[in-house]
Amino acid sequence: MKKQPQPEPETQVGVPVVERAAAVCLRCGWQWFPRVEHPARCPHCSSALWDTPRAQRLPGKPPPTRKGKARGASFDSESATRAINKRHAQNAQKPVDSDETS
Ligand SMILES: [Zn+2]
């Protein structure tokens with residue numbers, strides 16, 4: 001069985017084949033081939049923490065809300081309603097003169 005010489009794929013001279021995995025920025029999702037092994041920052045978003053994932057939030061756990069100490073908004077709604085009623089009372093006392101602009 002004759003073996004025909006297969007033309008070997010010529011490697012481009014001057015362009016070194018980098019067997020380096022592409023770096024992926026965990027912040028902006030940018031993918032690039034870094035020249036160094038551990039680039040200082042992402043070339044796209046220039047984040048120094050490009051290889052550090054964000055604080056993982058456990059699934060099913062609701063994000064922390066700001067209000068948590070105020071247990072029950074009944075007091076706030078009650079005071080708000082009282083303020084609205086007071087404002088209405090003041091408006092009722094004042095005569096609304098709509099013909100003033102004309
Ligand atoms: Zn980035």
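Where is the place of Cys42 in the protein chain? The residue is in the loop between strand 2 and helix 1, in a model that is predicted rather than experimental. Residue numbers start from 1 along each chain as its sequence is written. Because the model is predicted, local features need a pLDDT of at least 70 and side-chain atom pairs count only at pLDDT 80 or more, while totals for chains, interfaces and linings use all residues.

The overall layout comes first. The protein chain holds one helix and two strands, and reading along the sequence gives the pattern β-β-α. Helices here are DSSP runs of H or I with at least four residues, strands are runs of E with at least two, and both are numbered from the N terminus. Confidence comes as pLDDT, the predictor's own score for each residue from 0 to 100. The chain averages 75 on that scale, with 60% of the residues scoring at least 70. Among the elements, strand 2 has the highest mean pLDDT, at 94, and helix 1 the lowest, at 75.

Burial is scarce: just 3% of the 102 residues count as buried. The cut-offs are 20 or more other C-beta atoms within 10 Å for buried, 12 or fewer for exposed, and anything in between for partly exposed, with C-beta atoms placed from the backbone. As for contacts (C-beta atoms, placed from the backbone, within 7 Å), pairs 24 or more positions apart make up 13% of those with a separation of 6 or more.

Back to the loop between strand 2 (31-32) and helix 1 (74-93). Cys42 is buried there because 22 other C-beta atoms lie within 10 Å. Leaving out residues up to four places away in sequence, Cys42 touches Cys25, Arg27, Cys28, Trp30, Ser47 and Trp50. Its C-alpha atom is 9.7 Å from that of Gly29, a residue 13 positions away along the chain.

Cys45 sits in that loop between strand 2 and helix 1 too, but counts as partly exposed because it has 13 C-beta neighbours inside 10 Å. Its contacts, neighbours within four places in sequence aside, are Cys25, Arg27, Cys28 and Trp30. From Cys45 to Cys25 the C-alpha distance is 8.6 Å, across 20 residues of sequence.

Next comes Ser46, also found in the loop between strand 2 and helix 1. Ser46 is not a glycine, yet has a positive phi of about 55°. With 12 C-beta neighbours inside 10 Å, Ser46 counts as exposed.

Key. Two residues are in contact if their C-beta atoms, placed from the backbone, lie within 7 Å.
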